[in-house]
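Please open the model in a viewer and keep the sequence panel visible. The stops below are intended to be followed in order.

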Amino acid sequence: DPQEARKWLTRAARNGHAEAAMVLGDISQRGIGARPDPAQALVWYRHAAHQGVAAAQNNLGIALASGSGTPRDAKAAAQWLERSARQGNAEAQYNLGRLLITGARNLKANPENAVMWLAIAAKSGVREAAAPRDSLAKKLGRKAKLPLAAAQRFVARPEASLVPPFP
């Protein structure tokens with residue numbers, strides 16, 4: 001019974017259970033047992049994201065970048081995606097790389113960091129990351145050397161935070 005599940009998950013989330021908040025975000029986003037509610041999904045994703053759930057940070061970043069349930073805010077999206085990416089979330093690594101290729105209204109494009117995150121995502125198993133990484137690296141030429149080296153270091157030792165944060 002979706003309504004019963006929602007009731008218990010809500011209780012757990014309100015008592016600090018981050019994974020329950022993440023699940024509630026997914027349920028709200030997909031409309032399981034009710035109509036899809038992107039604004040409510042955002043509330044639950046934000047709750048879980050603040051508690052360090054990488055998948056919620058990625059989903060929050062996607063919502064902020066696309067304007068799902070909230071006004072678009074590419075800069076905040078990039079910050080949440082980076083938090084998730086640094087925890088090893090390959091989907092966030094890819095999403096951050098894609099966002100940084102062109103930037104957006106309140107986020108400057110950063111092709112060097114884009115190629116780095118796309119390289120990390122590709123090494124983490126995201127097949128779609130290889131083509132934009134290669135295309136961007138070709139455009140950047142020699143400027144791609146340092147970001148690609150940083151990606152190699154991150155993949156080798158992600159816990160060491162060898163990748164500088166983007167501005």
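The tour passes through helix packing, selected side chains and aromatic rings.

The model is predicted, so local features are given at pLDDT of at least 70 and side-chain atom pairs at pLDDT 80 or more, whereas totals for chains, interfaces and linings use all residues. Residue numbers start from 1 along each chain as its sequence is written, and side-chain values rest on heavy atoms, with hydrogens and water left out.

**Stop 1: helices H4 and H5**

Select residues 54-66, which form helix H4, and residues 74-86, which form helix H5. Helices here are DSSP runs of H or I with at least four residues, numbered from the N terminus. Two packed helices are described by the angle between their axes and the distance between the axes. H4 and H5 pack at about 160°, with their axes 8 Å apart; the axes are lines fitted to C-alpha atoms over the stretch in contact, and angles run from 0 to 180 degrees between N-to-C directions. H4 is therefore roughly antiparallel to H5, a term for angles over 145 degrees. Their crossing is left-handed, meaning that the near helix is turned anticlockwise from the far one by less than a right angle. Among the residues that meet across this pair are Ala54, Gln57 and Leu60 in H4, and Trp80, Leu81 and Ser84 in H5.

**Stop 2: Ser84 and Trp80**

Is Ser84 buried or exposed? Ser84 counts as buried at 0% relative accessibility, where buried means under 20% relative accessible area with a 1.4 Å probe, protein chains only. Leaving aside neighbours within four places in sequence, Ser84 is in contact with Ala54, Ala55, Gln57, Asn58, Asn89 and Ala92; contact means heavy atoms within 4.5 Å.

Next, show Trp80 and Arg83. Arg83 lies over the face of Trp80, at 4.2 Å from the ring centre. A charge sits over a ring if NZ of Lys or CZ of Arg is within 6 Å of the ring centre and within 35 degrees of the ring normal. Trp8 offers another example: the charged end of Arg11 sits over its ring, 4.5 Å from the centre.

**Stop 3: helices H6 and H7**

Add residues 90-102, helix H6. The axes of H5 and H6 come within 8 Å and cross at roughly 145°, and this crossing is left-handed. Then add H7, residues 111-123. The axes of H6 and H7 come within 8 Å and cross at roughly 155°, which makes H6 roughly antiparallel to H7. This crossing is also left-handed. Contacts between H6 and H7 involve residues including Tyr94 and Leu96 in H6, and Asn113 and Trp117 in H7.

Asn113 is buried at 12% relative accessibility. From Asn113 to Leu146, the C-alpha atoms are 9.8 Å apart in space, although the residues are 33 apart in sequence.

**Stop 4: the aromatic pair**

How many aromatic pairs are there? The count is 1, taking rings of Phe, Tyr and Trp (its six-membered ring) with centres within 6.5 Å. Trp117 and Phe154 have ring centres 5.6 Å apart and planes at 70°, so the pair is edge-to-face, the term for planes over 60 degrees apart. Trp117 lies in H7 and Phe154 in helix H9 (residues 145-156), so the pair ties together parts that are 37 residues apart in sequence. Trp117 is buried at 1% relative accessibility, and Phe154 is buried at 3%.

Note on methods. Rings of Phe, Tyr and Trp (its six-membered ring) pair if their centres lie within 6.5 Å; planes under 30 degrees apart count as stacked, over 60 as edge-to-face and the rest as tilted. Helices (H or I, at least four residues) and strands (E, at least two) are DSSP runs, numbered from the N terminus. Buried means under 20% relative accessible area, exposed over 50%, partly exposed in between (1.4 Å probe, protein chains only). Angles under 35 degrees count as roughly parallel, over 145 as roughly antiparallel, 65 to 115 as roughly perpendicular and the rest as oblique.
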